[in-house]
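Visitor: Please take me through one part of this model slowly and closely. I should like to see how that part is built, and then how it is related to its surroundings.

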Amino acid sequence: EFKVFRDTIAGGGVVKAICVPGAAKLTRKETDQLAAHLQGIGGKGLVTFKVDENRALTSSVSKYLDPTALSAIADATQARAGDMIFAVADSDLMASTCLSTLRSLLASMMGLIDKSALKLLWVVDFPLFEWSETDKAIVARHHAFTSPKSEDLEFLEARPLDVRARAYDLVLNGVELGGGSIRIHRQDLQQRIFRILGISEAEARDKFTFLLEAFQYGAPPHGGIALGLDRLVMLLCGLDSIRDTIAFPKTAKAQCLMTNAPSPVDERLRKDLHLK
């Protein structure tokens with residue numbers, strides 16, 4: 001019955017929520033600050049439900065939801081007394097982004113993070129494509145040369161947004177250490193991807209002739225990953241800012257305090273390059 005939820009779902013969006021143990025003690029000021037932070041990253045708003053000692057939900061939107069709906073929310077989130085449920089209504093990607101950000105903020109705010117633990121994980125099964133509201137078109141989630149999973153090739157043209165990529169991220173304690181993918185090595189598959197992305201054969205030949213020709217000679221399957229060692233050092237040292245572990249960090253004005261760059265350019269060199 002809540003119009004914001006109803007309209008979001010009718011428009012193709014979702015309503016997602018997380019339940020945070022013990023968060024019912026947070027003040028209105030603190031939850032307002034969290035909502036403001038989400039709006040700063042593009043979120044539309046935040047709905048909170050406090051869980052009382054009787055496992056009943058109280059919220060500023062309670063009057064728009066009947067008791068059955070409130071009970072269903074409590075059951076779906078496995079809420080217990082003293083918890084708080086945080087809900088957002090948005091597109092699927094933005095809703096997940098907001099709740100991920102919220103989860104990190106709350107973990108830090110409530111002291112829920114074990115600073116001594118090192119937890120590694122791989123993120124896999126990324127979508128190969130996503131819908132761009134800006135371009136009103138399907139675009140590559142990673143890049144146009146990422147290989148799709150072989151088991152998803154059968155519905156590449158029919159259901160492109162359901163196709164998964166052979167891409168992967170390595171994450172430590174919630175911080176991305178590196179990412180990469182297995183690349184396309186077949187010309188026919190690369191051309192199928194180009195067509196889905198709206199790249200014509202003429203444009204593909206103009207921009208990627210070297211690649212398409214290389215595939216004709218039997219380019220082998222290949223892939224890679226790029227690791228951010230400065231991020232790893234930051235986590236191992238228990239630091240919060242990557243600037244503390246970058247070899248040559250820049251200031252907000254893009255100046256390097258160690259090398260004093262950018263520095264004045266010699267006048268003779270400017271003349272040689274025909275620059276004023």
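Guide: A disulfide is a covalent bond between the sulfur atoms of two cysteines. For the count made here, a pair of cysteine sulfur atoms must lie within 2.5 Å. The model is a predicted one, and it holds 0 disulfides. The sulfur of C237 shows why: the closest cysteine sulfur, in C256, is 20 Å away, which is too far for a bond. Seen from the other side, C256 has the sulfur of C237 as its nearest cysteine sulfur, and C256 is in no disulfide. C256 has a relative accessibility of 3%, and therefore it counts as buried.

The part that I propose to examine is a sheet. Four strands form this open sheet, in the order β5-β8-β9-β10, and their pairing is antiparallel. Its edge strands are β5, residues 120-123, and β10, residues 223-227, each of which pairs on one side only. On average, neighbouring strands of the sheet are turned by 20° against each other, direction ignored.

Let us begin with the pair β8 and β9. Strand β8 covers residues 167-172 and strand β9 covers residues 175-182; they pair in the antiparallel sense over 6 bridges. One of the pairs across these strands is D169 with its bridge partner G179 in β9. Another is L172, which stands opposite V175 in β9. The two strands form a hairpin, with 2 residues between them. In that turn, N173 has a positive phi of about 50°.

On to the pair β9 and β10. These strands run antiparallel and are joined by 5 bridges. Here the bridge partner of S181 is G224 in β10. S181, which is found in strand β9, deserves a closer look. Is S181 buried or exposed? S181 has a relative accessible area of 0%, so it is buried. If its neighbours within four places in sequence are set aside, S181 is in contact with H142, H143, T146, R166, A167, Y168, G223 and G224. G224 thus appears both as a contact of S181 and as its bridge partner.

The sheet also carries a helix. Helix α7, residues 229-236, packs on the sheet and touches β8, β9 and β10. The direction of α7 makes about 150° with that of β9.

Both β9 and α7 lead us to the largest pocket, since each supplies at least two residues of its lining, as do β1 (14-20) and α4 (92-109). The volume of this pocket is about 1200 Å³. Its lining has 28 residues, and those closest to its centre are S104, I113, N173, G174 and V175. N173 is the residue in the hairpin turn that has the positive phi, and V175 is the partner that stands opposite L172. The largest share of the lining, 5 residues, comes from α4.

Through β1 and α4 the pocket brings us to another sheet. Its 4 strands form an open, antiparallel arrangement in the order β1-β4-β2-β3. The edge strands are β1 and β3 (57-58), each pairing on one side only. β1 pairs with strand β4, residues 84-90, in the antiparallel sense over 7 bridges; across this pair, V14 stands opposite D90 in β4. α4 packs on this sheet, touching β1 and β4, and its direction makes about 15° with that of β1.

One further region may be compared with these sheets. In helix α5, residues 187-196, the buried residues are L189, Q190, R192, I193, F194 and I196. What covers them includes β6 (129-132), β7 and α6 (201-216). Just after α5, G198 takes a positive phi of about 80°. Strand β7, residues 137-140, contains I138. Apart from neighbours within four places in sequence, the contacts of I138 are F129, E130, W131, P160, L161, I196 and L197. Among them is I196, one of the buried residues of α5. I138 and L257, by contrast, are 119 residues apart in sequence and 43 Å apart in space, C-alpha to C-alpha.

Key. Residues are numbered from 1 along each chain as its sequence is written. This is a predicted model: local features need pLDDT of at least 70, side-chain atom pairs count only at pLDDT 80 or more; totals for chains, interfaces and linings use all residues. Side-chain values use heavy atoms; hydrogens and water are left out. Two strands pair if DSSP finds at least two bridges between them. Axes are lines fitted to C-alpha atoms, for helices over the stretch in contact, and angles run from 0 to 180 degrees between N-to-C directions. Contact means heavy atoms within 4.5 Å. Buried means under 20% relative accessible area, exposed over 50%, partly exposed in between (1.4 Å probe, protein chains only). On a 1 Å grid over the protein atoms alone, a cavity is a set of points where a 1.4 Å probe fits but cannot get out, and a pocket is an open set with protein on both sides within 12 Å along at least five of seven lines; lining residues have an atom within 4 Å of a point. Grid points are joined across faces, edges and corners, and a volume is the space filled by probe spheres set on the points.
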